[in-house]
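Visitor: I have a model to look through and would like to know how its descriptive labels are earned. Could you walk me through the reasoning?

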Amino acid sequence: MELYLVRHGESEIPPDTFQSDFPLSDLGHKQASAVAGRFRDISIDHLLTTPYQRTQATAEAIAGVAHVKAIEEPGLGAFQTGGFHDVPVSKARESYPDWFEKTYPLQSYELTGGESASAFFERVTEAFVEKVWDRYYQNKDLNVVVVCHEETINVLLLHMLRLPFEGFQTFRLDHTSITTVNSRQRKPRITGVNDIAHLMMAGLPIGSSGKGRPAT
C-alpha cells in the first residue's frame, strides 16, 4: 500500500474565532487544485476524508482529477475543542488565562468539554488501524489517499514511530502538504513528510494568508 496523508487547504476563519467547520478560503481552493494535480497520474483506489467543509472540498478537488468517490471517515477528524467553539478567542483568553499561558502550543480541550490529548490520540489511531491500515496494508498495489488535519497526521506519524502524543504537534505540516507512507514487512515506513512541491510549482504562498486563525 502507498498511503498519502493530505492536509486540507486553508480555510476562511473569521477574526477572533476558533476553528470549527469553515469553508476553504480563496487561497485554500487554489491549494486544493494544486494538490489535486499531484494525483492526476496516480490511480487512486480509495479516497477518504473527514466530515468537515475544508477537508471535503480538498477531497472533492482530488476526486475530480482521480475519478474516485470520497468516503467520509469521522474517526480521523479534527480535535474536538468543546466549548471553545462557542466563544471568541479574546473572551476565552479572559476566561481561561492559565490555559492559554500554560497549555499553548499544546492541544488538550477537556477544560471546556472537549477531547484530551490522550482521547484524541486513541480515537484517531483506532480509526486508522481499523479503517485504513488493517484493510489495505497487505496489498502493495493499492494507492490510498486520506484528506485530514495537521493534528491527525501528527498523531499518525507519532503512532508509527511509537512515540507519545502529548498535545504538541511535533511536525509542521503546511496546507495541502502530502505525507507518504508505505508498508514493508507488515509495518509502516514513512517515506516523506510535508511535501509541498505542488504549491511551489504553482507559485502559491506557503502557510496561512493571515486571515483569521491558522486552521487545523
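Guide: Gladly; we will take a proline, some aromatic rings and a pair of helices in turn, keeping in mind that this is a predicted model.

Visitor: Let's start with Pro88: why is this residue called partly exposed?

Guide: The relative accessible area of Pro88 is 36%. Buried would need a value under 20% and exposed one over 50%, so Pro88 with its 36% counts as partly exposed.

Visitor: And where does Pro88 lie?

Guide: Pro88 sits in the loop that runs between strand E3 (70–72) and helix H3 (89–95). Leaving aside residues up to four places away in sequence, Pro88 touches Asp16 and Phe18.

Visitor: Phe18 brings us to the aromatic rings. What makes Phe84 and Trp99 a tilted pair?

Guide: By the pairing rule there are 15 aromatic pairs. For Phe84 and Trp99, the ring centres are 4.8 Å apart and the planes stand at 45°. Pairing asks for centres within 6.5 Å, while stacked means planes under 30 degrees apart and edge-to-face over 60; 45° fits neither of those, so the pair is tilted. This pair links distant parts of the chain, with Phe84 in the loop between E3 and H3 and Trp99 in helix H4 (residues 97–102), 15 residues apart.

Visitor: Why, then, is the pair of Phe84 and Phe100 called edge-to-face?

Guide: Here the distance is 6.2 Å centre to centre, with 75° between the planes. The distance is within 6.5 Å and the angle is over 60 degrees, so the pair qualifies as edge-to-face. Phe84 is in the loop between E3 and H3 and Phe100 is in helix H4, so this pair ties together parts 16 residues apart in sequence. Both Phe84 and Phe100 are buried, and Trp99 is buried as well.

Visitor: Which residues form one aromatic cluster?

Guide: Among them are Phe18, Phe84, Trp99 and Phe100, together with Tyr96 and Tyr109.

Visitor: Now the helices. How do you describe the packing of H1 and H2?

Guide: Two packed helices are described by the angle between their axes and the distance between the axes. The axes of helix H1 (residues 26–37) and helix H2 (residues 53–66) come within 8 Å and cross at roughly 35°. The crossing is right-handed.

Visitor: Which residues of H1 and H2 make that contact?

Guide: H1 contributes Ala32, Ser33, Val35 and Ala36, and H2 contributes Thr58, Ala61, Ile62 and Val65. By class, that gives 6 nonpolar, 2 polar and no charged residues.

Methods
Residues are numbered from 1 along each chain as its sequence is written. This is a predicted model: local features need pLDDT of at least 70, side-chain atom pairs count only at pLDDT 80 or more; totals for chains, interfaces and linings use all residues. Side-chain values use heavy atoms; hydrogens and water are left out. Helices (H or I, at least four residues) and strands (E, at least two) are DSSP runs, numbered from the N terminus. Buried means under 20% relative accessible area, exposed over 50%, partly exposed in between (1.4 Å probe, protein chains only). Contact means heavy atoms within 4.5 Å. Rings of Phe, Tyr and Trp (its six-membered ring) pair if their centres lie within 6.5 Å; planes under 30 degrees apart count as stacked, over 60 as edge-to-face and the rest as tilted. Axes are lines fitted to C-alpha atoms, for helices over the stretch in contact, and angles run from 0 to 180 degrees between N-to-C directions. A crossing is left-handed if the near helix is turned anticlockwise from the far one by less than a right angle, and right-handed if clockwise. Ala, Val, Leu, Ile, Met, Phe, Trp, Tyr, Cys and Pro count as nonpolar, Asp, Glu, Lys and Arg as charged, and the others, Gly among them, as polar.
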